[in-house]
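Me: I am new to this structure and would be grateful for a close look at one part of its surface, set in the context of the whole.

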Amino acid sequence: MTEEVKASSRQQRRLEKEEVNKKETVDNTKPTKWVQIRMFPIWLRILIVIALFCISAIAGLMIGYGVIGDGEPKDALKWETYQHIIDIKDGK
């Protein structure tokens, strides 16, 4: 039996890798490696996610207060509305 048949699968992979490396050194060519280039940097992605979260929270407040509730949607963004809610909660 040949040496490759006796070898385990791990050893076979190592031998195949060595053969490929030998061929590369003879050809003087290396296989091209895939490199990922980010279109948007990570810090920009984080800012976009935070901005989308804020926009969705504001839209949810306006829909909840104006459409589902009986108020005017713009009133959901006023401080007086929340001060009134706090006063009701505190019993004033």
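Which residues make a nonpolar surface patch of about 280 Å²?

Reply: The model is a predicted one, and the patch in question is made by Ile 42, Ile 46 and Ile 50. Helix H3 covers residues 42–68, and Ile 50 is found in it. A general property of such helices helps in reading these positions. An α-helix has 3.6 residues a turn, so residues three or four places apart point the same way. Ile 50 has a relative accessible area of 47%. Because a residue counts as partly exposed between 20% and 50%, Ile 50 is described as partly exposed.

The confidence of the prediction should be considered next. Among the elements of the protein, H3 has the highest mean pLDDT, 95, whereas helix H1 (residues 3–6) has the lowest, 52. For the protein, the mean pLDDT is 83, and 80% of the residues reach 70 or more.

As to the wider setting, the protein contains four helices and zero strands, which gives the pattern α-α-α-α along the sequence. Of its 92 residues, 5% are buried. The protein exposes about 8900 Å², and 63% of that area is supplied by carbon and sulfur atoms.

Helix H4 may be examined in its turn. H4 consists of twelve residues, 79–90, and at 1.5 Å a residue it should span 16 Å. The C-alpha atoms at its ends are 16 Å apart, so the expected span and the model agree. After H4 comes Gly 91, which has a positive phi, near 85°.

Notes
Residues are numbered from 1 along each chain as its sequence is written. This is a predicted model: local features need pLDDT of at least 70, side-chain atom pairs count only at pLDDT 80 or more; totals for chains, interfaces and linings use all residues. Side-chain values use heavy atoms; hydrogens and water are left out. Helices (H or I, at least four residues) and strands (E, at least two) are DSSP runs, numbered from the N terminus. The expected span of a helix is 1.5 Å times one less than its number of residues. Buried means under 20% relative accessible area, exposed over 50%, partly exposed in between (1.4 Å probe, protein chains only). Accessible areas come from the Shrake-Rupley method with a 1.4 Å probe; for residues, only the protein chains shown count as cover. Patches are made of residues with over 30% relative accessible area and no salt bridge: like charges are joined within 9 Å, nonpolar side chains (Val, Leu, Ile, Met, Phe, Trp, Tyr) within 5 Å. A salt bridge is a side-chain nitrogen of Lys or Arg within 4 Å of a carboxyl oxygen of Asp or Glu. pLDDT is the predictor's confidence in each residue, from 0 to 100.
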